[in-house]
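Welcome! Have a look at the structure below, and then try the exercises at your own pace.

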Amino acid sequence: MPSSPPSGGPRRLPPHLRQDFGASLVVFLVALPLCVGVAVASGVPAELGLVTGIVGGLVTGLMRGSSLQVSGPAAGLTVLVLESVRTFGAAGLGVIVLAAGLVQTVLGVLRWGRWFRAISLSVVEGMLAGIGLVIVAGQLYAAAGVAAPDGGFARLVALPAALAGALTDPAAAASVAVAAGTVLVIVVWPRLPGRAGAFPAALVAVLLAGLVTFLAGLPVEAVRVDGVLAAVRPPDPAAFSLLGEPAVLGTVLAFALIASAESLFSAAAVDRLHDGPPTEYDRELFAQGVGNTLCGFLGALPLTAVIVRSSANVRAGARTRASRVLHGVWLLVFAALLPGSLAYVPLPALAGILVHAGWKLIPFRAVADLWRGHRGETAILGTTAAAIVAVGMLEGVLAGLGLAVAKAAWDASHLRVDHVDEPPTAVGTSSHPAGHAPDGTAAEAEGVLRVRLSGGATFLRLPKLLDALEALPRDRPVEVDLSGLHHLDHACRAAMTAWAERHTAAGPHPVRLHPFPGPHGPPHPQPSPATALTPAGP
């Protein structure tokens, strides 16, 4: 028998380590400029973007949930973070992120992760469209070196004049040129043939922008660098008193809702890119919550799962969550050894990266598809985006959710009313003498008018229901078939009862309602001795 290898011999490397190692380097190169750009656009030191990326890799990346999804600072939260920093300060941002992380953690423990998948897709796409518009407008002002006016619509309206004015100033024109060149490189670079096109375009754009700016001596601003340790400032205990303010609590809920929805929608998209284990949504929400709690404690940016990094991770051949953990290691090494290199990154280049990222957030194809097939969903998307631009993130999302709920209620109450005229019964064919029924009443020569209701009869459709019923002739027998209703609320029940009493009292024939349901069937008016309602036969 062959002898077994000694216990002290060399150990085999974990499976897939080679693929995960290579993928981690790709994700690191993709994440580095985005971490810095999102931080600068959010109004905080660039180093805090690196801190959030490190937490997303080393903490959230180690936890179970989505195996190949990568977390870090996201452009989708830039608008909300900037508003929070302006309103509550950097210390207030840390408290808000920490509290939002705790909310996510609790929701994950309660297994609410799957319920975030029930959010209307039109609301999510409208949220991304609104965020994208605000980012594009704001970063174009940053590219021109001009202060942006307050208010989303004000920024959009004043943007052409600001860009035109920047072209007359040599320094501003140089800044705009660097930003435009950055966007051009990001768009063109992936289309290059060979292996060069596989190198992260955003990083190439930043390196070229820094090189051109240095060699040409362009008068553009660069990133300020104070060191990672100097940028990390945990919120002091006094800052936690902000949680007693309703505005802060609303912002906490907005952070938790938007970050959770973005992360879990990203997880669903990433699952479609690979054939590995699917996302465990409750665990992923818990992991996101733990990561944001730590980010808040460090005074850093909030993190979410980011589709750009996640898709790059999958395309690079990652097989396990080791790739995203290693990408966090590389970010940590860079932050520890090379933070000073950020001082050579031109701010207009970061603005160009964010302009491109904001533009990619706007779902142009989804809007076109919705317009062709679902105009109501297009209205939800447009309302959400417009409200975010005009008012703010939280108000826009709430407006979209409210409109989506109202549309769902309206669709659920869709009611169809069909009439079927039966041919009249010949008088001479009656089996009773002299055309009389056994009870002495005249035999029915008129045909029965059958009315079938289908769908949902709710108070929203009450005018349509009453118009249809009250238009029925009163000199003919009427049978109302309720078997097609999946719901009949109290308002419609009461209205049908009142109509049946009036109709029966005014005409010679009773109103028949059928079938009479069992304990689990749809409720409808029950006959009473005071009215002439009679159930149809079986």
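Here are four exercises with worked solutions, all on a predicted model.

**Exercise 1.** Find how the axes of helix α1 and helix α2 are placed, and decide which term describes their angle.

*Solution.* Step one is to locate the helices: α1 covers residues 17-41 and α2 covers residues 46-58. Next, look at their axes, which come within 7 Å and cross at roughly 130°. Angles from 65 to 115 degrees count as roughly perpendicular and those over 145 as roughly antiparallel, so α1 is oblique to α2. As for handedness, the crossing is right-handed. Finally, list the residues that touch: α1 brings L32, C35, V36, A39 and V40, while α2 brings A46, G49, L50 and G53. Sorted by class, this contact holds 7 nonpolar and 2 polar residues, with no charged ones.

**Exercise 2.** Search the whole structure for cavities of 30 Å³ or more, and describe the lining of the largest cavity.

*Solution.* The search turns up 2 cavities. In the largest cavity there is about 60 Å³ of space. Its lining consists of I119, V123, V124, M127, L257, I258, A261, V397 and L401. Now match the lining to helices: α4 (121-144), α9 (246-271) and α16 (393-412) each give at least two residues. The class count is 9 nonpolar, no polar and no charged residues.

**Exercise 3.** Work out which residues line the second largest cavity, and which classes they belong to.

*Solution.* Start with the volume, about 30 Å³. Around this second largest cavity you will find V97, A100, Q104, F255, A256, A259, N292 and P302. Two or more of the lining residues come from each of α3 (78-109) and α9. By class, the lining of the second largest cavity has 6 nonpolar and 2 polar residues, and no charged ones.

**Exercise 4.** Describe the largest pocket and then the second largest pocket by volume, central residues and lining.

*Solution.* The largest pocket has a volume of about 1700 Å³. It is lined by 50 residues, of which I307, V308, R309, S311 and K360 are the closest to its centre. Elements giving two or more residues to this lining include α11 (307-315) and α13 (347-361). Its classes are 37 nonpolar, 5 polar and 8 charged.

Turn to the second largest pocket, with a volume of about 820 Å³. Among its 41 lining residues, L82, R86, G138, Q139 and A148 are the closest to the centre. Helix α4 gives the most to this lining, with 7 residues. The lining of the second largest pocket divides into 25 nonpolar, 10 polar and 6 charged residues.

Technical notes. Residues are numbered from 1 along each chain as its sequence is written. This is a predicted model: local features need pLDDT of at least 70, side-chain atom pairs count only at pLDDT 80 or more; totals for chains, interfaces and linings use all residues. Side-chain values use heavy atoms; hydrogens and water are left out. Axes are lines fitted to C-alpha atoms, for helices over the stretch in contact, and angles run from 0 to 180 degrees between N-to-C directions. Helices (H or I, at least four residues) and strands (E, at least two) are DSSP runs, numbered from the N terminus. Angles under 35 degrees count as roughly parallel, over 145 as roughly antiparallel, 65 to 115 as roughly perpendicular and the rest as oblique. A crossing is left-handed if the near helix is turned anticlockwise from the far one by less than a right angle, and right-handed if clockwise. Contact means heavy atoms within 4.5 Å. Ala, Val, Leu, Ile, Met, Phe, Trp, Tyr, Cys and Pro count as nonpolar, Asp, Glu, Lys and Arg as charged, and the others, Gly among them, as polar. On a 1 Å grid over the protein atoms alone, a cavity is a set of points where a 1.4 Å probe fits but cannot get out, and a pocket is an open set with protein on both sides within 12 Å along at least five of seven lines; lining residues have an atom within 4 Å of a point. Grid points are joined across faces, edges and corners, and a volume is the space filled by probe spheres set on the points.
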